[in-house]
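Let's walk through this one together, a piece at a time. Have the viewer open and follow along.

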Amino acid sequence: MSRHQPDQPDADATGQSQPLPTDDAPQPSSSENIAPNGPTQAIPVAPEPFRLSDTASLVMAWALPLYRDGAARRFIERLDLSAGEALRRQCEALCPWYREVILNRKAFISHLIERALATRPEPRQIIIPAAGASPLALELLSAHGDRISRVIEMDVSGMDRKRQLYAEVAPELTHKLNCLEVDVTDPAFRRALVLDGRYDPDVDAIVLLEGISYYLTPRDLVLFLMTFCSPTRRNRVVLEHLLPSADVNDPRRGIPNAVFKAIQAYGHLPRIQRYGLADAPALLREAGGTPDAHFTMDEMERHRIGKHHYFQQPRDGWIACMTGWI
Ligand SMILES: C[S@@+](CC[C@H](N)C(=O)[O-])C[C@H]1O[C@@H](n2cnc3c(N)ncnc32)[C@H](O)[C@@H]1O
(Lines give C-alpha, C1' and ligand atoms only; values in the text may rest on other atoms or scores of the structure.)
Protein backbone atom coordinates (compact mmCIF):
# COMPACT_ATOMS: atom_id res chain seq x y z
CA MET A 1 0.00 0.00 0.00
CA SER A 2 1.31 3.44 -0.84
CA ARG A 3 1.70 5.61 2.26
CA HIS A 4 1.22 8.72 0.11
CA GLN A 5 -2.45 9.60 -0.22
CA PRO A 6 -3.01 11.27 -3.60
CA ASP A 7 -6.19 12.93 -2.39
CA GLN A 8 -4.74 14.37 0.81
CA PRO A 9 -5.26 18.14 1.28
CA ASP A 10 -2.86 20.35 -0.61
CA ALA A 11 -1.48 23.72 0.44
CA ASP A 12 -4.38 26.17 0.52
CA ALA A 13 -4.53 29.57 -1.15
CA THR A 14 -2.54 31.13 1.68
CA GLY A 15 0.25 28.66 1.13
CA GLN A 16 -0.59 26.97 4.43
CA SER A 17 -0.56 23.22 4.41
CA GLN A 18 -3.44 21.72 6.32
CA PRO A 19 -2.80 19.19 9.08
CA LEU A 20 -4.34 15.87 8.23
CA PRO A 21 -7.58 15.04 9.99
CA THR A 22 -7.26 12.63 12.87
CA ASP A 23 -9.79 10.04 13.82
CA ASP A 24 -10.19 9.48 17.54
CA ALA A 25 -12.18 6.30 17.06
CA PRO A 26 -10.08 3.16 17.63
CA GLN A 27 -8.95 1.55 14.37
CA PRO A 28 -9.40 -2.16 13.87
CA SER A 29 -6.18 -4.14 13.73
CA SER A 30 -5.34 -5.75 10.39
CA SER A 31 -6.60 -9.12 11.70
CA GLU A 32 -10.03 -7.54 12.32
CA ASN A 33 -10.04 -5.94 8.90
CA ILE A 34 -11.91 -8.67 7.11
CA ALA A 35 -14.61 -7.92 4.57
CA PRO A 36 -17.81 -10.00 5.17
CA ASN A 37 -17.46 -12.10 2.02
CA GLY A 38 -14.01 -11.39 0.75
CA PRO A 39 -10.30 -11.43 1.40
CA THR A 40 -8.53 -9.15 3.87
CA GLN A 41 -8.34 -5.55 2.66
CA ALA A 42 -5.94 -2.91 3.88
CA ILE A 43 -7.49 0.18 5.42
CA PRO A 44 -5.64 3.29 4.21
CA VAL A 45 -3.77 4.87 7.14
CA ALA A 46 -3.48 8.66 7.03
CA PRO A 47 0.23 9.49 7.08
CA GLU A 48 1.36 11.31 10.19
CA PRO A 49 2.25 14.96 9.43
CA PHE A 50 5.67 16.38 10.39
CA ARG A 51 4.76 19.13 12.84
CA LEU A 52 7.20 22.04 12.68
CA SER A 53 7.98 24.75 15.23
CA ASP A 54 6.55 28.25 14.71
CA THR A 55 9.68 29.75 13.12
CA ALA A 56 10.48 26.70 10.96
CA SER A 57 6.83 26.69 9.79
CA LEU A 58 7.04 30.36 8.89
CA VAL A 59 9.98 29.87 6.50
CA MET A 60 8.46 26.78 4.88
CA ALA A 61 5.02 28.41 4.47
CA TRP A 62 6.65 31.24 2.52
CA ALA A 63 8.78 28.82 0.48
CA LEU A 64 5.94 26.44 -0.56
CA PRO A 65 5.50 27.76 -4.14
CA LEU A 66 9.06 26.71 -4.98
CA TYR A 67 8.29 23.01 -4.61
CA ARG A 68 5.89 22.04 -7.36
CA ASP A 69 6.65 18.40 -8.05
CA GLY A 70 8.78 15.36 -7.36
CA ALA A 71 10.20 14.20 -4.04
CA ALA A 72 10.44 17.76 -2.63
CA ARG A 73 6.71 18.26 -3.27
CA ARG A 74 5.81 14.92 -1.69
CA PHE A 75 7.91 15.97 1.33
CA ILE A 76 6.36 19.40 1.85
CA GLU A 77 2.85 17.98 1.48
CA ARG A 78 3.55 16.08 4.68
CA LEU A 79 4.51 19.17 6.73
CA ASP A 80 2.14 20.57 9.31
CA LEU A 81 2.83 24.30 9.28
CA SER A 82 -0.02 25.34 11.55
CA ALA A 83 2.33 26.40 14.41
CA GLY A 84 3.66 29.29 12.29
CA GLU A 85 0.33 30.59 11.00
CA ALA A 86 -0.16 33.38 13.59
CA LEU A 87 3.47 34.46 13.23
CA ARG A 88 3.13 34.52 9.44
CA ARG A 89 0.08 36.78 9.69
CA GLN A 90 1.94 39.06 12.10
CA CYS A 91 4.99 39.31 9.80
CA GLU A 92 2.84 39.91 6.71
CA ALA A 93 1.01 42.71 8.55
CA LEU A 94 4.44 44.33 8.91
CA CYS A 95 5.48 43.63 5.30
CA PRO A 96 2.85 42.00 3.01
CA TRP A 97 5.48 40.87 0.48
CA TYR A 98 8.02 39.41 2.92
CA ARG A 99 7.55 36.00 1.25
CA GLU A 100 9.47 37.38 -1.77
CA VAL A 101 12.63 37.60 0.35
CA ILE A 102 12.48 33.90 1.23
CA LEU A 103 11.57 32.87 -2.33
CA ASN A 104 14.47 34.90 -3.76
CA ARG A 105 16.89 33.58 -1.15
CA LYS A 106 15.95 29.93 -1.61
CA ALA A 107 15.86 30.06 -5.41
CA PHE A 108 19.25 31.77 -5.47
CA ILE A 109 20.84 29.32 -3.04
CA SER A 110 19.65 26.37 -5.16
CA HIS A 111 21.20 28.12 -8.16
CA LEU A 112 24.53 28.65 -6.34
CA ILE A 113 24.72 24.98 -5.32
CA GLU A 114 23.77 23.79 -8.82
CA ARG A 115 26.39 26.09 -10.31
CA ALA A 116 29.02 24.70 -7.93
CA LEU A 117 28.04 21.11 -8.79
CA ALA A 118 28.27 21.86 -12.51
CA THR A 119 31.96 22.84 -12.30
CA ARG A 120 33.29 19.34 -11.51
CA PRO A 121 32.11 15.88 -12.57
CA GLU A 122 33.35 14.12 -9.40
CA PRO A 123 30.60 13.48 -6.83
CA ARG A 124 30.75 15.82 -3.86
CA GLN A 125 29.40 15.83 -0.32
CA ILE A 126 26.88 18.50 0.61
CA ILE A 127 26.81 19.63 4.23
CA ILE A 128 23.75 21.51 5.48
CA PRO A 129 23.85 22.61 9.13
CA ALA A 130 20.49 23.76 10.54
CA ALA A 131 18.68 22.07 7.67
CA GLY A 132 15.33 22.30 9.48
CA ALA A 133 12.51 21.08 7.26
CA SER A 134 14.03 22.33 4.02
CA PRO A 135 13.60 19.81 1.17
CA LEU A 136 16.66 21.18 -0.65
CA ALA A 137 18.52 17.86 -0.28
CA LEU A 138 15.70 16.08 -2.13
CA GLU A 139 15.69 18.69 -4.89
CA LEU A 140 19.45 18.41 -5.39
CA LEU A 141 19.59 14.62 -5.26
CA SER A 142 16.65 14.27 -7.68
CA ALA A 143 18.25 16.58 -10.23
CA HIS A 144 22.00 16.00 -9.73
CA GLY A 145 22.32 12.65 -7.93
CA ASP A 146 25.28 11.62 -10.10
CA ARG A 147 27.30 14.59 -8.80
CA ILE A 148 26.49 14.09 -5.11
CA SER A 149 28.01 11.29 -3.00
CA ARG A 150 25.93 12.15 0.07
CA VAL A 151 24.08 14.96 1.80
CA ILE A 152 24.68 15.43 5.52
CA GLU A 153 22.00 17.48 7.25
CA MET A 154 22.24 18.65 10.84
CA ASP A 155 19.83 20.32 13.22
CA VAL A 156 19.27 20.51 16.96
CA SER A 157 15.83 18.95 16.57
CA GLY A 158 13.49 17.12 14.21
CA MET A 159 16.14 15.06 12.44
CA ASP A 160 14.76 11.65 13.45
CA ARG A 161 11.38 12.62 12.08
CA LYS A 162 12.95 14.04 8.93
CA ARG A 163 14.85 10.80 8.30
CA GLN A 164 11.59 8.87 8.71
CA LEU A 165 9.80 11.15 6.28
CA TYR A 166 12.59 10.82 3.71
CA ALA A 167 12.17 7.04 3.87
CA GLU A 168 8.44 7.46 3.25
CA VAL A 169 8.51 9.96 0.38
CA ALA A 170 11.83 9.18 -1.34
CA PRO A 171 13.08 5.69 -0.36
CA GLU A 172 15.23 5.61 -3.50
CA LEU A 173 17.33 8.54 -2.20
CA THR A 174 17.80 7.62 1.47
CA HIS A 175 21.15 5.85 0.94
CA LYS A 176 22.64 9.29 0.26
CA LEU A 177 20.79 11.19 2.99
CA ASN A 178 22.20 11.49 6.51
CA CYS A 179 20.26 13.37 9.19
CA LEU A 180 22.18 14.21 12.35
CA GLU A 181 20.56 15.62 15.45
CA VAL A 182 23.42 17.77 16.75
CA ASP A 183 24.15 21.27 18.01
CA VAL A 184 26.69 22.70 15.58
CA THR A 185 28.15 24.92 18.33
CA ASP A 186 29.03 21.83 20.37
CA PRO A 187 32.48 20.51 19.35
CA ALA A 188 31.05 16.98 19.70
CA PHE A 189 29.21 17.52 16.40
CA ARG A 190 32.49 16.91 14.52
CA ARG A 191 32.63 13.35 15.81
CA ALA A 192 29.02 12.72 14.80
CA LEU A 193 29.73 14.24 11.40
CA VAL A 194 32.38 11.63 10.66
CA LEU A 195 30.95 8.63 12.53
CA ASP A 196 27.21 8.97 11.86
CA GLY A 197 27.17 11.43 8.97
CA ARG A 198 30.03 9.61 7.24
CA TYR A 199 31.73 12.88 6.33
CA ASP A 200 34.89 12.08 4.38
CA PRO A 201 37.55 14.84 4.58
CA ASP A 202 39.11 13.46 1.38
CA VAL A 203 36.02 14.09 -0.74
CA ASP A 204 35.32 17.64 -1.95
CA ALA A 205 32.44 19.26 -0.08
CA ILE A 206 29.91 22.03 -0.52
CA VAL A 207 28.97 23.59 2.82
CA LEU A 208 25.71 25.53 2.87
CA LEU A 209 24.84 27.79 5.79
CA GLU A 210 21.30 29.00 5.15
CA GLY A 211 19.23 30.44 8.00
CA ILE A 212 21.85 29.50 10.63
CA SER A 213 24.33 32.41 10.81
CA TYR A 214 21.55 34.34 12.62
CA TYR A 215 22.06 31.95 15.56
CA LEU A 216 25.86 31.79 15.57
CA THR A 217 28.32 34.11 17.28
CA PRO A 218 31.37 35.05 15.18
CA ARG A 219 33.45 32.59 17.21
CA ASP A 220 30.97 29.72 16.66
CA LEU A 221 30.77 30.54 12.96
CA VAL A 222 34.57 30.53 12.53
CA LEU A 223 34.91 27.27 14.49
CA PHE A 224 32.18 25.66 12.40
CA LEU A 225 33.81 26.73 9.12
CA MET A 226 37.24 25.53 10.29
CA THR A 227 35.84 21.98 10.45
CA PHE A 228 35.85 21.98 6.65
CA CYS A 229 39.35 23.41 6.05
CA SER A 230 41.21 21.54 3.31
CA PRO A 231 44.89 21.91 2.39
CA THR A 232 44.11 23.18 -1.13
CA ARG A 233 40.90 25.05 -0.31
CA ARG A 234 38.80 22.78 -2.48
CA ASN A 235 35.62 22.91 -0.38
CA ARG A 236 32.93 25.38 -1.46
CA VAL A 237 31.18 27.56 1.11
CA VAL A 238 27.83 29.31 0.66
CA LEU A 239 26.95 31.55 3.61
CA GLU A 240 23.65 33.38 3.79
CA HIS A 241 23.46 36.14 6.39
CA LEU A 242 21.36 39.00 7.73
CA LEU A 243 22.88 42.46 7.22
CA PRO A 244 23.22 45.07 9.96
CA SER A 245 21.26 48.33 9.52
CA ALA A 246 24.45 50.14 8.41
CA ASP A 247 24.44 48.05 5.19
CA VAL A 248 20.74 48.72 4.41
CA ASN A 249 19.06 51.85 2.96
CA ASP A 250 17.41 53.89 5.68
CA PRO A 251 13.76 53.54 4.52
CA ARG A 252 14.15 49.74 4.42
CA ARG A 253 15.78 49.18 7.81
CA GLY A 254 12.45 49.15 9.63
CA ILE A 255 11.22 46.00 7.84
CA PRO A 256 13.82 43.47 9.03
CA ASN A 257 13.97 45.17 12.43
CA ALA A 258 10.22 44.75 12.96
CA VAL A 259 9.97 41.25 11.44
CA PHE A 260 12.91 39.87 13.41
CA LYS A 261 11.61 41.47 16.59
CA ALA A 262 8.34 39.57 16.06
CA ILE A 263 10.19 36.33 15.27
CA GLN A 264 12.43 36.78 18.30
CA ALA A 265 9.53 37.38 20.65
CA TYR A 266 7.71 34.36 19.26
CA GLY A 267 10.59 31.96 19.07
CA HIS A 268 12.16 33.12 22.35
CA LEU A 269 15.50 33.52 20.59
CA PRO A 270 17.97 35.27 22.87
CA ARG A 271 19.44 37.42 20.07
CA ILE A 272 19.83 37.55 16.31
CA GLN A 273 23.33 37.81 14.94
CA ARG A 274 23.90 40.01 11.89
CA TYR A 275 27.02 40.02 9.72
CA GLY A 276 27.96 42.95 7.47
CA LEU A 277 29.19 42.79 3.88
CA ALA A 278 32.73 43.23 5.22
CA ASP A 279 32.33 40.91 8.25
CA ALA A 280 31.34 37.70 6.45
CA PRO A 281 34.43 37.58 4.16
CA ALA A 282 36.67 38.48 7.13
CA LEU A 283 35.27 35.55 9.14
CA LEU A 284 35.79 33.12 6.26
CA ARG A 285 39.41 34.30 5.99
CA GLU A 286 39.84 33.89 9.76
CA ALA A 287 38.65 30.28 9.40
CA GLY A 288 41.30 29.67 6.72
CA GLY A 289 39.14 30.22 3.64
CA THR A 290 39.02 32.61 0.68
CA PRO A 291 35.85 34.53 -0.21
CA ASP A 292 35.19 35.01 -3.93
CA ALA A 293 31.73 36.59 -4.37
CA HIS A 294 28.94 38.32 -2.49
CA PHE A 295 25.34 38.66 -3.68
CA THR A 296 22.69 41.07 -2.42
CA MET A 297 18.91 40.72 -2.61
CA ASP A 298 18.53 42.83 -5.77
CA GLU A 299 20.64 40.24 -7.64
CA MET A 300 18.72 37.35 -6.09
CA GLU A 301 15.41 38.94 -7.14
CA ARG A 302 16.59 39.59 -10.71
CA HIS A 303 17.82 36.01 -10.94
CA ARG A 304 14.40 34.64 -9.90
CA ILE A 305 11.94 36.95 -11.66
CA GLY A 306 14.12 38.49 -14.39
CA LYS A 307 13.83 42.09 -13.17
CA HIS A 308 14.10 44.35 -10.13
CA HIS A 309 10.76 44.86 -8.42
CA TYR A 310 10.98 45.24 -4.64
CA PHE A 311 14.77 45.50 -4.68
CA GLN A 312 16.07 48.17 -7.05
CA GLN A 313 19.51 48.64 -5.50
CA PRO A 314 21.99 46.56 -3.48
CA ARG A 315 21.19 48.41 -0.26
CA ASP A 316 17.42 47.84 -0.61
CA GLY A 317 17.78 44.30 0.76
CA TRP A 318 18.80 43.00 4.18
CA ILE A 319 19.98 39.49 3.32
CA ALA A 320 23.17 38.58 1.46
CA CYS A 321 24.91 35.43 0.27
CA MET A 322 28.66 35.07 0.27
CA THR A 323 30.54 32.32 -1.54
CA GLY A 324 34.13 31.20 -1.17
CA TRP A 325 36.54 28.31 -0.71
CA ILE A 326 37.92 26.64 2.36
C1 LIG B 1 15.03 29.34 10.32
S2 LIG B 1 15.42 27.63 10.38
C3 LIG B 1 16.29 27.44 8.85
C4 LIG B 1 16.07 26.10 8.21
C5 LIG B 1 16.67 25.95 6.82
N6 LIG B 1 18.12 26.07 6.83
C7 LIG B 1 16.07 26.96 5.88
O8 LIG B 1 16.71 27.97 5.60
O9 LIG B 1 14.95 26.72 5.42
C10 LIG B 1 16.74 27.63 11.53
C11 LIG B 1 17.14 26.22 11.98
O12 LIG B 1 18.36 26.29 12.72
C13 LIG B 1 18.34 25.29 13.70
N14 LIG B 1 19.40 25.60 14.67
C15 LIG B 1 19.51 26.73 15.43
N16 LIG B 1 20.63 26.66 16.18
C17 LIG B 1 21.25 25.48 15.87
C18 LIG B 1 22.45 24.86 16.32
N19 LIG B 1 23.22 25.43 17.25
N20 LIG B 1 22.78 23.65 15.79
C21 LIG B 1 21.99 23.07 14.86
N22 LIG B 1 20.84 23.62 14.39
C23 LIG B 1 20.47 24.81 14.90
C24 LIG B 1 16.91 25.38 14.21
O25 LIG B 1 16.54 24.20 14.91
C26 LIG B 1 16.13 25.57 12.90
O27 LIG B 1 15.71 24.34 12.34
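What covers the buried residues of α1? The cover includes α2 (70–76), β2 (79–80), α3 (85–94) and α4. Keep in mind that this is a predicted model. Helix α1 runs over residues 54–63, and eight of its 10 residues are buried, so the rest of the structure largely encloses it. If you want to click through them, the buried ones are Ala-56, Ser-57, Leu-58, Val-59, Met-60, Ala-61, Trp-62 and Ala-63.

One of the elements in that cover, β2, is where you'll find Leu-79. Leu-79 counts as buried because it has 22 C-beta neighbours inside 10 Å, the threshold being 20 or more. Its C-alpha atom sits 7.1 Å from that of Leu-52, although the two residues are 27 apart along the chain.

Now zoom out for a moment. The chain has 11 helices and nine strands, and 38% of its 326 residues count as buried. Take the contacts with a separation of 6 or more: 78% of them join residues 24 or more positions apart.

On to the sheet. Seven strands form an open sheet with mixed pairing, in the order β5-β4-β3-β6-β7-β9-β8. At the edges stand β5 (177–181) and β8 (290–296); each has a single partner strand, so one side of each is left without a neighbour in the sheet. From one strand to the next, the twist averages 15 degrees. Helix α11 (residues 297–305) packs on this sheet, where it touches β8 and β9 (319–325), and its direction makes about 70 degrees with that of β8.

Go inside the sheet and look at β3 (residues 124–129). Which way do its side chains point, and are they buried or exposed? Arg-124, Ile-126 and Ile-128 point one way, Gln-125, Ile-127 and Pro-129 point the other way, and all are buried. That fits the count for the strand, with six of six residues buried. Strands of a sheet pair through backbone hydrogen bonds, either parallel or antiparallel. For β3 and β4 the sense is parallel, over six bridges, and Gln-125 has Arg-150 in β4 as its bridge partner. Further along, β6 (residues 205–209) and β7 (residues 236–242) also pair in the parallel sense, over four bridges. There, Val-207 has Val-237 in β7 as its bridge partner.

Next, a helix pair. Two packed helices are described by the angle between their axes and the distance between the axes. For α4 (residues 99–118) and α5 (residues 136–144), the axes come within 11 Å and cross at roughly 35 degrees, and the crossing is right-handed. On the α4 side you have Ser-110, Ile-113, Glu-114 and Leu-117, which meet Leu-136, Glu-139, Leu-140 and His-144 in α5. By class, that makes four nonpolar, two polar and two charged residues in the contact.

Finally, the ligand. Which residues come nearest to it? Of the 19 around the ligand, they are Ala-130, Gly-132, Ser-134, Val-184 and Gly-211. The shell has 10 nonpolar, six polar and three charged residues. Both α1 and β4 (148–155) supply at least two residues of the shell, and here our opening helix returns: α1 gives the most, with three residues.

Terms used. Residues are numbered from 1 along each chain as its sequence is written. This is a predicted model: local features need pLDDT of at least 70, side-chain atom pairs count only at pLDDT 80 or more; totals for chains, interfaces and linings use all residues. Axes are lines fitted to C-alpha atoms, for helices over the stretch in contact, and angles run from 0 to 180 degrees between N-to-C directions. A crossing is left-handed if the near helix is turned anticlockwise from the far one by less than a right angle, and right-handed if clockwise. Two residues are in contact if their C-beta atoms, placed from the backbone, lie within 7 Å. Ala, Val, Leu, Ile, Met, Phe, Trp, Tyr, Cys and Pro count as nonpolar, Asp, Glu, Lys and Arg as charged, and the others, Gly among them, as polar. A residue is buried if 20 or more other C-beta atoms lie within 10 Å of its own, exposed if 12 or fewer, and partly exposed in between; C-beta atoms are placed from the backbone. A residue is near a molecule or strand if its C-beta atom, placed from the backbone, lies within 6 Å of it. Two strands pair if DSSP finds at least two bridges between them.
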